[in-house]
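User: I am new to this structure and would like a close look at a single part of it, with its surroundings. Please explain each term where you first use it.

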Amino acid sequence: MRRRNVRHEVGALLLFPLPAVIIILVAQAFPVLYSLTMSFRDWALASSLTPGGFVGLANYVKAFHDTVFLHAFAVSLQFCVAATLLEVVLGFILAYFTMGESRALRVARTILILPMVIAPVANGTIWRMILNPQYGLLNAILSTFGARGPDWLGNPVLALVSVIAIDIWQWTPFAMVVFCAGLSLIPPELYDAAQVDGASRTRVLRSIVIPYLVPVIFIVLLFRIVDTFLVIDAIYTTTFGGPGFSTNVVTLYIYWQALRYFNISFGSALSWLISILTLATAFTLMRAQRRLQSSIWGVTQ
Amino acid sequence: MMKERSRIYVSVRAIVVAIALVAVLVPFLYLFLNSVKIEREFRSIPPRIIPFVVTLQYYADIFGRGGQLGSYLLNSIIVTLVVVVVSVFTGALAAFGLAKLRRMYRFIALAVYLILLVRFYPKVVMLIPYFILMRDLHLLDTLAAVVIAHSSIGIPFVVWLMIGFYEEIPIELEESAMLDGCDVWRRFTRVIFPVVLPGIATAAIMTAILSWNEFLIASSVVSINAKTLPVLVSGYISDKGINWGPMSATSVVIIVPMFVFVLFTQKYLVRGLTFGAVKG
């Protein structure tokens with residue numbers, strides 16, 4: 001009965017997504033598929049105003065021989081692993097320590113999430129000033145201890161460390177709020193039972209809190225792995241890939257290829273390689289998360 | 001013994017949270033101080049962190065005739081408002097249809113997952129083709145170009161978020177409206193929509209944050225007239241000199257509205273940030 005009722009409404013229901021679908025097709029599907037076709041052609045704006053002929057997989061093959069791209073890939077991986085790990089660990093610690101409903105804790109949580117909602121350009125502005133070797137806050141603080149601070153964004157190794165730190169500053173709050181939500185979903189009876197059994201705090205953490213949080217950890221990983229691997233904002237607004245190629249991450253390299261050198265085909269091929277990788281990662285993590293969610297929480301969501 | 005350990009725990013906890021609060025607040029405070037600090041104090045060695053002389057000159061400059069921040073601010077406000085209205089309206093509508101249809105047809109369930117992919121691919125992919133598209137539509141350097149791009153990123157997010165909210169509504173609510181003879185549209189506007197208002201609020205605020213802060217796509221399709229605030233600030237980046245005053249003041253203008261937003265949205269922030277995957 002209900003089924004039939006819904007069936008005759010399919011036509012009307014199909015109209016609901018129509019405006020959204022049109023916008024997505026025009027502004028997302030078209031550009032993405034256009035770049036796919038471009039990746040099989042030969043088009044560099046510097047030499048021709050119109051796309052050239054089909055070249056098969058040549059652009060993709062070229063990517064694997066491009067040492068700058070391979071280097072950028074390695075930089076992105078380092079950025080991704082270091083930033084994600086630290087954000088997850090710090091985010092968990094902060095969530096665990098700010099658990100509770102007292103006024104002070106609520107205010108603390110509100111303050112701690114602020115970095116996450118500010119514009120990347122503002123974030124870049126703040127950190128370029130703090131890290132400025134001559135007039136910056138960080139080196140001013142170091143000098144009061146008699147230490148001479150380095151040129152944070154001018155040294156290849158320190159620049160990478162710095163941009164990772166900037167990402168951690170901005171995105172640890174994300175891990176924190178997600179963990180806060182996860183912690184609040186743990187049934188209070190479990191804590192009560194643990195208390196009756198006289199379990200220690202670390203025991204509760206190990207046997208109740210962390211196992212219950214596993215699906216939530218996967219959500220944090222899903223978002224942070226993909227976003228740190230594709231990072232561009234924090235770098236575009238501070239080092240712009242430098243000094244040299246030390247902070248040149250893949251997304252920034254694609255930006256250079258496509259929007260500065262106008263190697264449109266090559267840039268498209270690179271972005272498709274990266275897209276396939278991130279989408280596969282996202283898909284794997286989502287599947288794993290769903291499986292864990294239903295096995296641990298025992299509910300289908 | 002237990003009490004002893006607990007006291008250590010409490011103090012460790014207080015110290016860690018205090019350090020985190022300082023780490024978050026000091027950069028913001030520093031930005032604010034720089035926006036009211038005169039140039040001589042930036043450049044003194046060692047630099048003066050807390051200004052001796054306070055000036056509002058930079059704010060006067062950026063809003064004044066030379067800076068014209070006002071018109072960029074207006075651009076940003078218009079773009080954000082239109083993006084919020086378009087994304088939330090079309091997204092909430094789409095999600096209602098898709099929430100039902102995806103249970104009936106596998107290909108629609110698949111299409112819903114395809115929408116999710118918009119969140120996880122590098123946005124640099126769309127820059128050139130989108131630029132070409134806007135050029136051919138004669139929309140370069142217009143607010144419409146920015147609005148369409150931001151909406152296309154905002155909508156997938158609203159759809160996912162709202163599907164979650166719709167599925168929490170007990171089916172009986174809609175069934176009783178059905179028995180009263182309400183058609184789909186009336187059920188949506190009269191029965192369902194009022195119930196999911198918290199979801200709508202979450203969606204609106206998250207898309208507002210997205211659009212207000214976004215600069216990469218915006219900067220690729222605007223040049224002069226349609227600049228938004230983030231595009232304006234990104235112009236300071238190539239600047240090697242210490243033009244910190246105006247840069248800080250403009251950044252303060254960008255940041256403050258988002259702080260106000262967070263105060264109102266905290267409750268739903270998690271759900272919004274995770275595409276509805278974690279319910280706070």
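Analyst: A good place to begin is His138(B), which sits in the loop between α6 (124–136) and α7 of chain B, where helices (H or I, at least four residues) and strands (E, at least two) are DSSP runs numbered from the N terminus. This is a predicted model, in which local features need pLDDT of at least 70 and side-chain atom pairs count only at pLDDT 80 or more, while totals for chains, interfaces and linings use all residues. Residues are numbered from 1 along each chain as its sequence is written, and chains are lettered from A and ligands numbered from 1 in the order in which they are written.

The phi angle of His138(B) is near 60 degrees, which is a positive value in a residue other than glycine. Most residues other than glycine have a negative phi. His138(B) counts as exposed because it has 9 C-beta neighbours inside 10 Å; a residue is exposed with 12 or fewer other C-beta atoms within 10 Å of its own, buried with 20 or more and partly exposed in between, the C-beta atoms being placed from the backbone.

Helix α7 of chain B, on one side of that loop, also holds Gly164(B), which counts as partly exposed because 18 C-beta neighbours lie inside 10 Å. Gly164(B) and Gly64(B) are 100 residues apart along the chain, and their C-alpha atoms are separated by 46 Å.

The axes of α4(B) and α7(B) come within 6 Å and cross at roughly 40 degrees, axes being lines fitted to C-alpha atoms, for helices over the stretch in contact, with angles from 0 to 180 degrees between N-to-C directions. That angle makes α4(B) oblique to α7(B), since angles under 35 degrees count as roughly parallel, over 145 as roughly antiparallel, 65 to 115 as roughly perpendicular and the rest as oblique. The crossing of α4(B) past α7(B) is right-handed, meaning that the near helix is turned clockwise from the far one by less than a right angle, where anticlockwise would be left-handed. The residues of this contact divide into 21 nonpolar, seven polar and one charged; Ala, Val, Leu, Ile, Met, Phe, Trp, Tyr, Cys and Pro count as nonpolar, Asp, Glu, Lys and Arg as charged, and the others, Gly among them, as polar.

Both of these helices also meet α10(B), whose buried residues pack against α4 (69–104), α7 (143–167), α12 (229–234) and α13 (244–273) of chain B, together with α7 (114–117) and α8 (120–130) of chain A; two residues are in contact if their C-beta atoms, placed from the backbone, lie within 7 Å. Of the 17 residues of α10(B), 12 are buried, so this helix is largely enclosed by the rest of the structure. Among those buried residues are Gly199(B), Met206(B), Ile209(B) and Trp212(B). At 1.5 Å a residue, helix α10 (residues 197–213) of chain B should span 24 Å, and its end C-alpha atoms are indeed 24 Å apart, the expected span being 1.5 Å times one less than the number of residues.

As for the meeting of the two chains, the contact takes 80 residues from chain B and 73 residues from chain A. On the side of chain B that touches chain A, the largest share, 15 residues, comes from α13(B), and the residues of that side divide into 62 nonpolar, 14 polar and four charged.
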